[in-house]
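Biologist: I should like to learn how to read the interior and the surface of a protein model. Could we go through the features one at a time?

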Amino acid sequence: MSEDSSSISSTRQQSQGEMLTWEQKTLKELAFATLKEQRRARRWAIFFRLLYPILLIVFLFSYLSNGSESSNLKTSKPHIALISLDGIISSGLPASAESINKGLSTAFTSKGVTGVILRINSPGGSPVQAGYINDEIHRLREKHPKTPIYTVITDICASGGYYIAVGTDKIYADKASMVGSIGVLLNSFGFVDIMNKLGVERRLFTAGDHKGFLDPFSPTKEGESKHLQGMLDNIHQQFIKKVKEGRGNRLKNNPDLFSGLIWTGEQALDLGLIDGLGDSEYVARELLGTEKIVDYTSKPDLLERLGHQFGTTLSYVLSNLRISYLQ
């Protein structure tokens, strides 16, 4: 019996030891979980403490940038006004008519401006927005005939970008710039055959016989295709007219000129699409006679810039926090 009792006692002690070990493990896990939560809370607290000085720095930077820009615009010494048109031409984007026209208007009415350079790097965009800018250039040229305005093309000036460029006095580019694409484009997809194969029925209700003629899930009717092509041809002729008015007899007689093809700067010079090769500094110094260039590109206001910069900073910090938790 003594041996049995000792074995039972030993078994109990072992069970108690295992139970103790399990409890210790559980307590350890709880303790580590609590520590992790505390660390996480501390990190968030540190983040929010750092957020206020970051916001202050961003605000001061934006304020000083805005102030230096304003001081530059107020200079009365002779200088060239530069307006940059970058990206797709569209309402609500930096290359919108509202933004570009604001910069152009400020440039033409500021003291000390001896010439204006419109620096374009755009694949095109809205013909309406491009038309607004072209019209504003003509208006300002008529109102300020002694202030020349030149276009300088960097990487690309195609379609709507070139529509704008022909409104200026002269156009310059790099030999490798892409210039032209004098045409109009409207693209879409048709899913009619795929829907038929899948056995999907299209249910489209309209008021008006042709209200849904651009619907990609419905077959295209011949009359609608002709109507759409007529619209594109009409806009194309408007484009061609503006190019001929702007370039005049400088254009060479080439049947592909208005076909939508794009050309290098070197080829564009031979075709009469541009007037010469050179960058903004060359045009300012050698052609407009003033080396000093001041940027008149319309920038978002202080609150917009602050909001954008704050959003960028916040997303960066949050992504770093998320990564640290996953490690």
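**Reading the core and the surface**

Modeller: This is a predicted model. Let us begin with a single residue: leaving aside residues up to four places away in sequence, Ile164 touches Leu85, Ile89, Leu118, Ile120, Ala130, Ile133, Asn134 and Ile137.

Biologist: Which residues touch the most other members of the largest nonpolar core?

Modeller: That core has 43 residues, and the ones touching the most other members are Leu85, Leu104, Val116, Tyr162, Ile164 and Leu273. Helix 2 (residues 97-109) supplies the largest share of this core, five residues. There is also a second, separate core of nine residues, Ile80, Leu82, Val152 and Val283 among them.

Biologist: How does one check the length of helix 6?

Modeller: One compares an expected span with the distance between the end C-alpha atoms. Helix 6 (residues 222-247) has 26 residues, so at 1.5 Å a residue it should span 38 Å; the end C-alpha atoms lie 37 Å apart, which agrees. Just after helix 6, Gly248 adopts a positive phi of about 60°.

Biologist: Which residues of helix 6 are buried, and what covers them?

Modeller: The buried residues are Glu224, Leu232, His236, Phe239, Ile240, Lys242, Val243, Gly246 and Arg247. Their cover includes helix 3 (127-143), helix 4 (160-165) and strand 4 (170-173).

Biologist: Where does Phe217 lie, and why is it classed as partly exposed?

Modeller: Phe217 is in the loop between helix 5 (192-198) and helix 6. Its relative accessible area is 34%, and partly exposed means between 20% and 50%, so the class follows. Together with Phe189, Phe191, Ile194, Leu198 and Val200, Phe217 forms a nonpolar surface patch with about 610 Å² of accessible area.

Note on methods. Residues are numbered from 1 along each chain as its sequence is written. This is a predicted model: local features need pLDDT of at least 70, side-chain atom pairs count only at pLDDT 80 or more; totals for chains, interfaces and linings use all residues. Side-chain values use heavy atoms; hydrogens and water are left out. Helices (H or I, at least four residues) and strands (E, at least two) are DSSP runs, numbered from the N terminus. The expected span of a helix is 1.5 Å times one less than its number of residues. Buried means under 20% relative accessible area, exposed over 50%, partly exposed in between (1.4 Å probe, protein chains only). Contact means heavy atoms within 4.5 Å. A nonpolar core is a set of buried Ala, Val, Leu, Ile, Met, Phe, Trp, Tyr and Cys residues joined through side-chain atoms within 4.5 Å. Patches are made of residues with over 30% relative accessible area and no salt bridge: like charges are joined within 9 Å, nonpolar side chains (Val, Leu, Ile, Met, Phe, Trp, Tyr) within 5 Å. Accessible areas come from the Shrake-Rupley method with a 1.4 Å probe; for residues, only the protein chains shown count as cover. A salt bridge is a side-chain nitrogen of Lys or Arg within 4 Å of a carboxyl oxygen of Asp or Glu.
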